[in-house]
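Biologist: I am new to this protein and would be grateful for an introduction. May we go through it by question and answer?

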Amino acid sequence: MDAIHIHGGNALFGETKIQGSKNAALPVMAAALLIKDVCTIENCPHISDVLHMQQLLQQLGCTVSHEENTLVIDARNLSMDTMSGENVTGMRSSITLLGAVLGRCREVTMAYPGGCVIGQRPIDIHLSALRKMGVAIYEKEGCFTARVKSLEGAVINLPISSVGATENVILAAVMARGVTVLQNAAKEPEIATLCEFLREAGAVIEGIGGSVLIIQGGHELHGVSFRVPADRIVAGTYLMSVIGAGGNVFLEDAPASQMRGMLKIADEIGAQIHISREGLHVIADEHKRALPYVKTEIYPGFPTDMQSPLMAALTTAQGISVIEETIFEDRFRVAAQLRKMGAGIELSGKRQAVIIGVDSLLGCEVTAEELRGGAALVIAGCMALGETIVKNRHFIERGYEDICRDYRNLGVDIRIG
Ligand code: EPU
């Protein structure tokens with residue numbers, strides 16, 4: 001069955017290693033398509049989104065092999081510039097291939113991308129940025145074709161610092177003629193990872209890590225061997241689990257420097273955190289403090305991807321917490337499922353959740369509707385008394401390599417079934 005069974009109610013103890021980052025690996029895979037050579041990508045997580053991206057690259061003519069956590073992508077010969085089917089419509093990051101295929105082939109036809117149901121998720125900013133580089137876009141029945149004679153560097157100011165649009169502009173700009181200045185670029189660490197990958201491959205990019213990126217296009221790119229950094233959101237998920245269920249754990253490889261927004265919140269709730277080069281040591285306080293107000297923000301603020309895991313942890317905090325979601329307009333779906341477990345959550349519109357702390361959650365059958373909400377239900381399952389069955393495990397597998405293995409390492413009684 002497509003479910004996860006958890007016998008919860010116990011504190012977490014032990015250590016687990018944090019997998020490679022999904023949102024870093026996916027754009028790096030797209031970038032490998034730009035390179036007429038062979039790239040080796042290490043520490044690539046075994047998750048269904050990576051598998052979908054791998055299949056898309058293969059559809060376009062790349063040879064991709066996967067051994068354990070190492071991907072080898074040979075993009076010397078591309079044979080297609082059309083992308084359709086479940087791999088596009090079922091995964092948001094298929095849109096990152098727009099800039100990459102355009103950069104390489106000057107034309108691409110693709111279906112509109114899908115992804116988790118957390119809001120509208122339009123691609124208007126991606127398209128208008130690419131138009132500034134000379135790209136013409138024709139839309140037809142759920143698909144669109146983007147075509148360009150010669151990609152031209154441009155000054156682009158993003159109206160919202162969209163992660164995906166920033167990635168698409170970078171991918172197109174390294175193949176363009178002249179210089180692109182990208183203002184209000186997203187500063188999420190996954191953008192810096194993409195830039196580092198391209199820089200190692202021969203691209204010239206300045207301003208990495210900041211909100212203005214200057215990209216000199218047209219430099220020859222060559223194959224590289226690159227290691228994907230650890231996943232800050234997976235590390236944050238386990239951090240919230242320890243805060244929620246109590247305990248004392250070590251999260252090996254957790255990228256603390258990318259987790260400042262989360263660590264500040266963890267400190268406010270009452271967890272002790274020790275940072276070392278090897279990872280994060282988390283000791284939960286027996287009494288969790290509620291958070292009077294926290295909002296999701298672009299990096300380095302508290303990430304939207306951690307909002308549902310935080311909500312789960314706060315269900316048993318002492319007092320009333322308020323979470324405001326500022327990035328996606330429909331990211332509180334998990335609240336209804338947490339309520340089934342006894343949580344006191346009231347929604348005020350689509351952007352604000354009020355969480356009234358209860359003494360304990362009770363296990364029951366709940367349904368994941370998207371990736372991070374699904375992870376939040378597993379956290380709630382670790383906290384709850386009795387058995388929790390989280391249905392729709394496949395949503396969680398989009399981003400977590402083996403969530404049961406990781407929680408078993410932390411002493412949780414958890415299995416798929
Ligand atoms: N937006 C537009 N128009 C656009 C693009 C974005 O209005 O053309 C809006 C979105 O609707 C949203 C906001 O801008 O309200 C921010 O969206 P952004 O483009 O930054 O998000 P994304 O690129 O679609 C990535 C991650 C998400 C993460 C967000 C924010 C990947 C594959 N996805 O999405 O990760 O939540 O950035 O940090 O990198 C996840 O891993 O669970 C996940 C959803």
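The following exchange concerns a predicted model and treats its domains, a helix, some backbone features and its cavities.

Biologist: How many Å separate the centres of domain 1 and domain 2?

Modeller: The domain assignment gives domain 1 as 3–18 + 230–416 and domain 2 as 22–227. With the centres taken over C-alpha atoms, the separation is 30 Å.

Biologist: Which residues of domain 1 lose the most area to domain 2?

Modeller: In the contact between the domains, 22 residues of domain 1 meet 25 residues of domain 2. The two domains bury about 1,900 Å² between them, with 47% of it on carbon and sulfur atoms. Together, 36% of what the domain 1 side buries comes from the residues that lose the most area, namely Tyr299, Arg398 and Glu401.

Biologist: Which residue forms a cis peptide bond with Tyr299?

Modeller: The cis bond that involves Tyr299 has an omega of about 10 degrees. Its partner is found in the loop between β18 (294–295) and α10 (307–314). That partner is Pro300.

Biologist: How many residues of α4 are buried?

Modeller: A residue counts as buried when its relative accessible area is under 20%. Among those of α4 that meet this cut-off are Thr96, Leu97, Leu98 and Arg104. The helix is mostly covered, and of its ten residues the buried ones number nine.

Biologist: Which residue takes a positive phi just after α4?

Modeller: The residue is found in the loop between α4 (96–105) and β7 (107–111). Its phi is near 70 degrees, a positive value in a residue other than glycine. The residue is Arg106.

Biologist: Are Arg106 and Glu68 buried, partly exposed or exposed?

Modeller: Glu68 also has a positive phi, of about 50 degrees, although it is not a glycine, and lies in the loop between β4 (63–67) and β5 (70–74). The relative accessible area is 26% for Arg106 and 65% for Glu68. The range for exposed begins over 50% and that for buried lies under 20%. Therefore Arg106 is partly exposed, whereas Glu68 is exposed.

Biologist: How many nonpolar, polar and charged residues are in the lining of the largest cavity?

Modeller: The structure holds four cavities of 30 Å³ or more, and the largest has a volume of about 50 Å³. Its lining includes His7, Leu12, Cys382, Val412 and Asp413. By class, the lining has four nonpolar, five polar and one charged residues.

Key: Residues numbered from 1 in each chain as written. Predicted model: local features only at pLDDT ≥ 70, side-chain atom pairs only at ≥ 80, totals over all residues. Heavy atoms only, no water. 1 Å grid on protein atoms, 1.4 Å probe; cavity = no way out; pocket = protein on both sides within 12 Å on 5 of 7 lines; lining within 4 Å. Points joined across faces, edges and corners; volume = space filled by probe spheres on them. Nonpolar A, V, L, I, M, F, W, Y, C, P; charged D, E, K, R; others polar. Helix = DSSP H or I, 4+ residues; strand = E, 2+ residues; numbered from the N terminus. Buried < 20%, exposed > 50% of the residue type's maximum accessible area, 1.4 Å probe, protein only. Domains from an automatic or database assignment. Contact = heavy atoms within 4.5 Å. Buried area = accessible area lost by both parts, 1.4 Å probe.
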